[in-house]
Amino acid sequence: MNLKPSRLDRVVLTINYTLLALAVLVVLVPLIYVVVASFMEPTTLLNKGISFNLSDYSVEGYKLILANEAMLRGFVNGLFYSAAFAVVTVAVSIFAGYPLSIDNFVGKKFFMTIFIITMFFGGGLIPTFLVIKELGMLNTVWAIIVPGAVSVWNIILARTFFKGIPRELNEAAKVDGASELLIFLRIVLPLSKPIIFVLALYAFVGQWNSYFDAMIYLENTKLYPLQLVLRSILIQNQVDPGMITDRLVMAEMKRLSEIIKYASIVISSLPLLVMYPFFQKYFEKGVMVGSLK
Amino acid sequence: MQQLLETVNKNKMQKGYVLKRNFDYVLKNHFLYWLIAPAFILTIIFKYVPMYGVIIAFKDFSYSKGILGSDWVGLDYFTKFLSAPNFEPIFMNTLLLSAYGLVLGFPIPIILALMLNQMRKVGVKKNIQLILYAPNFISVVVIVGMIFVFLSPTGPINKIITLTTGHPIVFMSDPEYFRTIYVLSGIWQGAGWASIIYVAALAGVDPELHNAATIDGANLLQRIWHIDLPTIKPVMAIVFILSAGGIMAIGFEKAFLMQTAMNLPTSEIIPTYVYKVGLKAGDYSYSAAIGLFNSVINIILLVLVNFVVKRLNEGDGLY
């Protein structure tokens, strides 16, 4: 049954659509502006902003970015950290989530309590820093990958997923004499691809977009992930114009600094923004599973 | 027979038996304990050892003496912070920044979800969602980078302002604008994504309810108010408790990046101050004390907000 909307309702609906269209514009305009600006000729960009005159377009910004060694190294580092972090955190979460999903697992309550407490209490920045320093992990890749690998949230997500796998499968396997090891490897893991994928996606993107751990634990700029390189280009340069004293160099820097910023924003964000629609389904799944108490 | 079984069960419950049974279980299923071991060990090292390390907040920590050997100073560092001249501004900055974020950031995703729920064409709705969610995937460094380029004296916003008033506004150096920029950019980035949970809850509304209400003469706004809103009320309560309870747990990452020497009067918040005192100035004990002070307030707030919402929401809180 479909009822015809009344006049008042149609007015409300029109306002509704207008506001939504406005919201879409508010999100899109800055993004489009950045992309267009990144293709401008640097001097035009500095003096006039974006223009719609074709002769004002150039790829100079991208040339500069692609010639920037720090940027490329940051890209590779970031990719490596994110992939490694995703592998470690997914493995740890899946492994821990499985025993916790078994009803008669002895010690379930004990382990759950140990994990859940960390959601509410923590040592804070300095005590954690001291532990990592004490372990000799400062200025190494390990400081990025290992300390954050245990996420209680991920363990709970994995546990919820495993609980959804019909127990009869496991029981049947047990009757046939299979050990827990065999059940986990042959039955549970093959069925867990969706949760593994969702967790890996979140871990990867989260690590890719973060800079904090890298900033406090890494000193060697050669180890910097992309986000830290971006920070020095996009933000530090803005706050503090640097130590350049040569007039000519300074003028050139001023001319190029904006285009470099726009181009590096596009280069660093575009891959994820282009990929995300394909994975949107899985990202949403993560939010939904997570909202189950 | 029945009685016999009961006695057997009773005996089984005896302590020794339970211990033996558990022991057998662990032996037989030791694989399960190997599985949980990595998470357990990492949690102990990186979560519980730092919790123990918090005692440096009550000590005058020095590297040569170590955590145990350092001298106790009791609550000295806490009183030092509470009586410091910059305590009040930093505390208020933290509170206000979060509070503004909550006041605007809480209702907007709900409104977005209610509006999206009125979209009849599924394809169009999906595309709008795709666009509204996108900023969530931009990193905080890039978001703040965009803020800087857009608001710079030569940036697009100031080009327009200069056209109308003649002189640019130095947004990022003016403490007056910091909170507004922080909160609005946060909404730009996060409101769409935050609406997902409400959109999903609204999908569970039975369309027959709306039809019945329409027949009874209810207009669209009345139906949203009396059908849609009550449906998402439990979700709203949980989201509210989590964000209001976490009001002092505001993140470090974005505020730190947005700080300039000039906007510090409003942009210095507890997390950034903890970082500067601890890692920049090396005053570990003082920094740990400030961090601990913040966590304690946070836990009190969470419990308090949960209590209030539970009262208002007829007994449905977080726990």
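Helices, at least four residues long, are runs assigned by DSSP and numbered from the N terminus. With that in hand, welcome to this predicted model of two chains, A and B.

**Chain A**

Reading chain A from its N terminus, the elements go α-α-α-α-α-α-α-α-α-α-α-α-α-α. In numbers, chain A has 14 helices and zero strands.

How far does chain A spread along its principal axes? Its C-alpha trace spans about 80 × 70 × 35 Å. The radius of gyration of chain A is 25 Å, whereas a compact globule of 293 residues would have one near 19 Å.

The UniProt record, an unreviewed entry, annotates "transmembrane region" in chain A at residues 12-36, 79-98, 110-130, 142-162, 183-205 and 259-279. Two of these spans appear in the table further down.

**Chain B**

Now to the partner. Chain B contains 17 helices and two strands. Along the principal axes, the C-alpha trace of chain B covers about 95 × 75 × 40 Å. A compact globule of 319 residues would come to a radius of gyration near 20 Å, but the value for chain B is 27 Å.

How is chain B divided into domains? The assignment gives domain 1 at residues 2-62 and domain 2 at residues 76-312. The C-alpha centres of these two domains of chain B are 39 Å apart. Where they meet, six residues of domain 1 of chain B are in contact with six residues of domain 2 of chain B. On the domain 1 side, those residues are four nonpolar, no polar and two charged.

UniProt also has something to say about chain B. Its unreviewed entry places "domain: ABC transmembrane type-1" at residues 91-305 of chain B. In the model, that span is 77% helix and 0% strand, and its end C-alpha atoms lie 19 Å apart. The same kind of record, again an unreviewed entry, gives "transmembrane region" for chain B at residues 31-58, 90-116, 128-151, 181-205, 232-252 and 284-309.

Here are some of the annotated transmembrane spans from both chains, with what the model shows for each.

| Span | Helix | Strand | Distance between end C-alpha atoms |
|---|---|---|---|
| Chain A, residues 12-36 | 100% | 0% | 35 Å |
| Chain A, residues 79-98 | 100% | 0% | 28 Å |
| Chain B, residues 181-205 | 88% | 0% | 36 Å |
| Chain B, residues 232-252 | 67% | 0% | 31 Å |

**Where the chains meet**

How many residues bring the two chains together? In this model, 78 residues of chain A are in contact with 73 residues of chain B. The side of chain A that touches chain B is made up of 56 nonpolar, 16 polar and six charged residues.

One helix pair lets you look at a meeting of the chains in detail. Helix H6 of chain A, residues 125-134, packs against helix H17 of chain B, residues 284-312, with the axes 7 Å apart and an angle of about 130°. H6(A) and H17(B) are therefore oblique to each other. Which residues make this contact? From H6(A) come A:Leu125, A:Ile126 and A:Pro127, while H17(B) supplies B:Tyr284, B:Ser287, B:Ala288 and B:Gly291. Sorted by class, the contact of H6(A) with H17(B) holds five nonpolar residues, two polar ones and no charged ones.

If you would like a place to start exploring, find H6(A) and H17(B) in the view and pick out A:Leu125 and B:Tyr284, which are among the residues that make the contact.

Terms used: Residues are numbered from 1 along each chain as its sequence is written. Chains are lettered from A and ligands numbered from 1 in the order in which they are written. This is a predicted model: local features need pLDDT of at least 70, side-chain atom pairs count only at pLDDT 80 or more; totals for chains, interfaces and linings use all residues. Two residues are in contact if their C-beta atoms, placed from the backbone, lie within 7 Å. Ala, Val, Leu, Ile, Met, Phe, Trp, Tyr, Cys and Pro count as nonpolar, Asp, Glu, Lys and Arg as charged, and the others, Gly among them, as polar. UniProt positions are given in the numbering used here, feature names are shortened, and annotations may be inferred rather than shown by experiment. Axes are lines fitted to C-alpha atoms, for helices over the stretch in contact, and angles run from 0 to 180 degrees between N-to-C directions. Angles under 35 degrees count as roughly parallel, over 145 as roughly antiparallel, 65 to 115 as roughly perpendicular and the rest as oblique. Domain bounds come from an automatic or database domain assignment. The radius of gyration is taken over C-alpha atoms; the globule rule is 2.2 Å times the number of residues to the power 0.38.
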